[in-house]
Structure formats: structure tokens, C-alpha cells
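Dear colleague,

I am passing on the structure below, with some notes on what turned up when I went through its side chains. Please read the notes alongside the coordinates.

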Amino acid sequence: MRIDKKNRKSFKRAAIANIKKHYWLFVLMCFLGVMIGAEFSTTDYLASARTGAFSKFVNQDAQIEAIEDEIVKSREENFDNSVFMQSVYEGILNREYENENLNLMFSRSKGTLNAVIDYVTSGTIVSNISSIVLILVGTPSAANIVMTVLTVLVTGGFWLFVANLYKSVVRRITLEGRIYNKIPFGRFLYFIKVKKWTNTALGMALYSICIYASLATVIGYPIVYYGLILMPYIIAENPDIKPIDALKLSWKMMKGNKFNAFKISVSLLGWNILGVLTVGLLNIFFLNPYRITIYSEVYSALRADYLNNNPSDEMLLNDKFLFAKPDLQALKMAYHEVDIALAAPEYKLQGLTGAKKFFANNFGVVLWNTPDELAYEDNQAKRQSTMNLKDEMEGLSYPSRLGPISESRHRRILSSIHYMRHYSLLSLISMFFIYSAFGWTWEVFYYYILQGHFINRGVLHGPWLPIYGVGGVLILACLFKLRKNPGKHFIGTVVLCGALEYFGSVILELLFDAKWWDYSGFFLNLHGRICAEGLLVFGIAGLAFIYVLSPILDDLIRKINPKKLLPIAIILSVIFVGDLIYSRMVPNTGDGITDGFAGGERIEEVIETNGDIE
């Protein structure tokens with residue numbers, strides 16, 4: 001089969017139809033790919049760290065020390081380096097402080113959305129490790145060596161098992177979207193459910209290594225890129241395939257069509273120009289999903305043609321229900337018990353009256369988990385699972401029971417994720433401290449990479465950031481009514497977390513007369529207190545928080561004897577309140593903690609000390 005102009009038009013029409021059916025899911029799916037650095041554009045500061053001695057994201061102190069070392073070296077060699085060094089100093093000063101209107105809503109000099117708009121692609125494992133090595137060279141202490149090794153391992157593992165693999169997750173979802181009208185959020189975990197996460201990660205790693213290696217040649221890159229462009233789709237269809245077989249298969253299927261596939265990319269040039277004219281927003285809300293869905297159509301057509309000519313390879317391309325719905329009789333037989341389960345009455349909690357019933361029904365909060373509560377939770381989980389099976393039985397979503405790899409053998413920890421549950425007060429208190437500690441750990445790790453040294457983040461002195469804990473508890477309680485609808489829950493999380501962050505910033509500034517965070521320079525920010533990028537991250541993270549993390553944590557917390565957990569919670573609460581009182585009198589401030597305490601002043605101080613550097 002040859003991809004010609006007629007085919008290209010039909011592919012695009014089919015891609016538009018696919019997007020119309022699943023528009024917001026595809027937009028969020030692709031934006032998540034941006035945020036984790038999978039594809040489309042750069043990710044957050046963590047993945048955007050540039051290499052180079054005067055990198056934008058490397059600690060300013062480290063830059064200054066490097067410049068001072070250069071000054072000393074030039075003087076020892078009797079070399080007049082003053083003009084160069086003066087320009088470097090001025091560059092550092094101007095880079096962060098030259099724009100007096102950074103707090104305008106539409107200003108942009110930082111953040112992921114800004115990076116998307118600028119089309120800067122630097123979210124690769126190579127640039128991450130390179131920037132970390134730069135920090136290691138600048139700070140060769142034992143502690144930094146340990147932290148750097150840990151950072152390399154974490155960053156490498158994240159790239160291998162999350163960011164790079166996510167490309168195949170996206171292809172799987174778009175392929176299912178071609179045929180089926182509904183795509184449950186659980187499809188993001190498809191490779192885990194079939195226990196092929198590791199094999200998929202290895203296959204996608206081989207794909208990326210080949211693409212990166214081809215960059216060494218000018219001519220080789222487009223040939224390799226378009227020769228392997230179907231490899232993520234092949235792995236998405238058959239995650240059990242050997243990586244080398246997936247590579248060979250893509251190369252065979254693209255034989256004679258590499259240049260034609262290149263023409264498809266060229267035909268999108270007009271959309272890319274419009275993406276620039278709309279400061280990148282068109283890419284987020286249309287072009288990124290459009291590009292993926294077009295090549296989903298290409299893969300479907302080339303796959304059918306290849307199997308007609310090579311029927312012996314049906315074992316490699318074996319998921320026929322990914323490209324055509326099964327007949328209704330086969331579905332009825334596979335899901336024969338669904339109608340019976342749906343006919344059963346929904347379980348109602350017994351013995352709840354007054355305030356207990358009000359908080360349970362409206363906020364999903366109970367004093368403690370009783371046998372009655374556990375029975376309710378189990379019933380809700382079964383009903384939700386049955387509703388998903390009903391969509392499969394009616395041909396509205398992919399029939400997991402008829403797939404070539406059984407999804408019934410999913411991991412135990414996933415089978416116990418019942419998100420329609422009520423949380424006890426003790427569990428909520430425990431989660432508050434867990435998420436507060438996680439937020440602190442994340443930000444310490446994050447700023448270590450950016451700054452090259454430990455920073456005790458947050459208003460308080462202890463290892464916790466309460467805004468994470470408060471946000472987590474509020475999401476669980478205030479959005480309980482939206483839990484059955486992921487789309488509405490996403491919007492609710494954005495609104496709730498946006499309000500919490502905005503007014504939290506106002507209150508802290510009034511209390512301490514200092515800014516604890518500032519999004520000035522981020523695209524679509526409001527008074528520097530919140531920004532679109534952060535709110536979208538909150539929304540995506542909120543989905544994972546409600547539907548995966550919190551149920552797992554709650555199950556683990558329930559396994560602890562309440563008689564042992566209660567005194568631990570009381571002790572932590574007392575320490576936390578003490579930290580609040582102490583921090584009100586002696587707040588935790590400093591470089592990297594509050595906005596404006598050290599950045600520009602430190603540089604200006606060094607310049608004044610060195611004079612004209614002559």
C-alpha cells in the first residue's frame with residue numbers, strides 16, 4: 001500500500017472524527033505528555049535544565065562562583081578577560097530582572113507553557129543528566145555525589161518507565177478511540193494490567209535509542225525516524241512483542257512509505273504556523289492530538305495491508321478487536337453476568353443518622369470504618385466495575401475480556417483500588433501528614449537539582465508543606481460528589497486548588513510580609529499567585545490522587561492498629577502545631593524559600609565587590 005494524497009485526506013478526516021469523540025481526554029492526555037517530558041514539547045524546569053556553565057536553571061551562586069574562578073584564573077595568566085566577564089555579569093542581572101512587567105497576566109518568561117509556546121525541546125534524559133553532571137563538577141562534596149547519583153537513577157528510571165513509555169500509552173488510547181466511543185481512565189494503566197510494563201519500557205527504550213543515535217547523521221535521522229514511526233503503535237497493540245521484532249516490523253511496514261509519511265508532516269506545516277501565531281495554544285488544544293491520531297490512521301491502514309500480504313505475522317499483530325468491534329453475540333457470552341449484577345440493588349449504609357449521615361453522604365467522611373462501611377465500599381467498587389463492563393458488553397469501549405492478553409490477571413494492589421469509599425478521620429489526618437511530607441520531599445529534591453544544594457522549603461521549619469496536605473484532604477472531602485465523573489472532578493480540582501493557592505499566597509504575604517512563591521513570568525498567571533500551568537498540573541494530579549493514590553494509602557493505613565496509629569497522629573499534630581507557633585515568630589525564610597530574599601541582591605553584591613573587574 002502506498003500513502004498518497006487521497007489517503008492522506010482520508011486519514012485526516014478519520015483523525016478529526018476520532019478527536020471529536022474524545023476531545024478533552026485527548027487534550028489532557030497530550031498535555032500530560034508535555035508535563036512529564038514524553039513528547040510534543042518540553043516539560044517542567046526539572047526536565048528543561050540546559051547544559052552549559054551559565055545555564056538558565058543552574059544556581060546563581062554556582063554561576064557566580066564559576067565566574068569568580070574564571071576571574072582569578074585570567075589574572076594569574078595575565079589575561080585581560082574583563083570585557084567578557086562584565087558581559088556575563090550583565091547577562092545574569094538582565095536575564096531575571098530586565099522585564100519590569102513580569103506580573104502581567106500574559107507575560108511569559110518561565111514555566112512549561114512558556115516552553116511549549118517557544119517550541120523548545122529539551123526534556124530529554126540526556127540534558128537532564130548533563131545538567132546534573134555540571135552541578136557535580138561544581139560541588140564535589142560527598143553529600144552532593146550521593147545526591148547526584150540518586151538523581152541520575154531517579155531521573156533515568158522516570159524516563160525509562162514513565163516518560164518514554166508514555167508515548168506508547170498515548171498510541172494505545174488513540175487506537176482504541178478510533179473504534180470505541182468510550183475510553184475509561186483505567187486504560188492509562190493498560191500495560192500494568194496486562195503485566196507488560198517492563199517489556200513495553202524496554203521496547204520504547206530501543207525505539208528512542210535508535211532515534212537519538214540517528215541524530216549523529218544529517219541524512220540518517222529522517223530515514224530512521226520515519227522508518228520506526230510505527231514502532232510505538234506496534235508495541236501499543238502487542239506489548240508482549242520482543243523489542244527487536246517491533247523494530248523490524250515497523251521497518252518492513254514503512255518500506256516504500258517513509259517519504260510519504262514525511263509528506264504528512266509537511267502537510268501540517270500550516271497548522272504549525274498557526275500554532276506560532278496563537279502562541280502555542282493551538283498545539284495544546286488541537287495540533288498535538290491531531291498529529292497522533294493521523295498516524296493512528298496510517299498505522300491501521302498499513303497494518304491491514306501488511307497482514308494481507310504476510311498472514312504468518314498475525315501472531316505479532318494479534319489484537320483484532322483494537323481495529324474492529326466484536327459481534328454482539330460474542331460480547332453477550334463474554335459478559336453474561338453483567339445484566340444480573342446491574343439488577344442487584346445498590347447497598348445503602350445502615351445506622352447513619354444526623355451529622356454522621358450528612359458528612360458521609362456529602363463529604364465521604366466517617367468517624368471510623370465499620371463493617372457496614374466496608375460492605376458499602378465493596379458494593380460501590382463492584383457496581384463501578386460492572387458499569388465499565390456494561391460499556392464493554394455494549395461495544396462502547398474496548399472488550400478487555402476478549403483481548404489477546406488477559407487483563408483479569410492484574411496486580412492485587414490495582415484490584416483493591418476502590419475510589420468510591422468513605423475516609424475515616426484518622427485516615428484523613430494520616431494522609432494530611434503523608435502528603436505534606438511528600439510535598440516537602442518533592443520540593444527539596446526539585447530545588448536541589450535547580451540550585452545544587454539543600455533548601456528547607458516551606459513556611460515551617462519541619463519536613464512538611466501543609467498546603468499539599470490541606471489540598472489533598474479538601475479534594476477528598478469537598479469533591480466527593482464529583483468522584484463518579486472524572487471530567488467534572490478535574491474541573492473541580494482546578495477550581496479548588498486554584499482558590500487554595502491564591503488565597504494561601506495572600507494570607508502568607510499578609511502574615512509575613514514576604515512572597516513565598518511568585519508565578520510572575522508564567523503564561524496566564526493571576527497576580528503571580530497562580531498560573532494556568534500549575535492549575536492544569538493540579539487537575540491532572542488530582543485525578544491520580546483520587547482514583548489511585550488515596551485508595552492505596554487508605555488500604556495501607558487501615559492495616560495499622562488504630563490503637564498504635566492514634567498516638568502517632570496525636571504526637572505529630574502536637575509537633576506540627578508547635579512548629580506553626582514557632583514559625584509565626586521566626587519564619588523559615590531565605591534564598592530559594594521566599595521570593596526576592598537573595599537572587600538579584602547576591603549578584604549585585606558580587607558585582608560591587610569586584611568593581612569593573614579590571
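**Rings, charges and cores**

The charged end of Arg172 is placed over the ring of Tyr190, at 4.0 Å from the centre of that ring, and Arg172 also lies over the face of Tyr398, where the distance to the ring centre is 4.8 Å. Please keep in mind that this is a predicted model.

Turning to the rings themselves, the structure holds 25 aromatic pairs. One of them is formed by Phe185 and Phe188, which count as stacked because their ring centres are 6.2 Å apart and their planes meet at 25 degrees; Phe185 is partly exposed, with a relative accessible area of 37%, whereas Phe188, at 18%, is buried. Trp464 and Phe576 make an edge-to-face pair, with 5.4 Å from centre to centre and 80 degrees between the planes. Since Trp464 belongs to the loop between helix H23 (425-451) and helix H24 (466-478), while Phe576 belongs to helix H27 (residues 562-585), this pair ties together parts that are 112 residues apart in sequence, and both Trp464 and Phe576 are buried. A single aromatic cluster is formed by Tyr221, Tyr225, Tyr226, Phe259 and Phe262.

As for the interior, the largest nonpolar core has 65 residues, of which Leu230, Ile234, Met253 and Tyr299 touch the most other members. Helix H17 (residues 281-309) supplies the largest share of this core, 13 residues. Apart from this core lies another, of 33 residues, including Met35, Ile530, Leu535 and Phe545.

With best wishes

Definitions and conventions:
Residues numbered from 1 in each chain as written. Predicted model: local features only at pLDDT ≥ 70, side-chain atom pairs only at ≥ 80, totals over all residues. Heavy atoms only, no water. Core = buried A, V, L, I, M, F, W, Y, C linked by side-chain atoms within 4.5 Å. Buried < 20%, exposed > 50% of the residue type's maximum accessible area, 1.4 Å probe, protein only. Helix = DSSP H or I, 4+ residues; strand = E, 2+ residues; numbered from the N terminus. Phe/Tyr/Trp six-rings, centres within 6.5 Å; stacked < 30°, edge-to-face > 60°. Lys NZ or Arg CZ within 6 Å of the ring centre and 35° of its normal.
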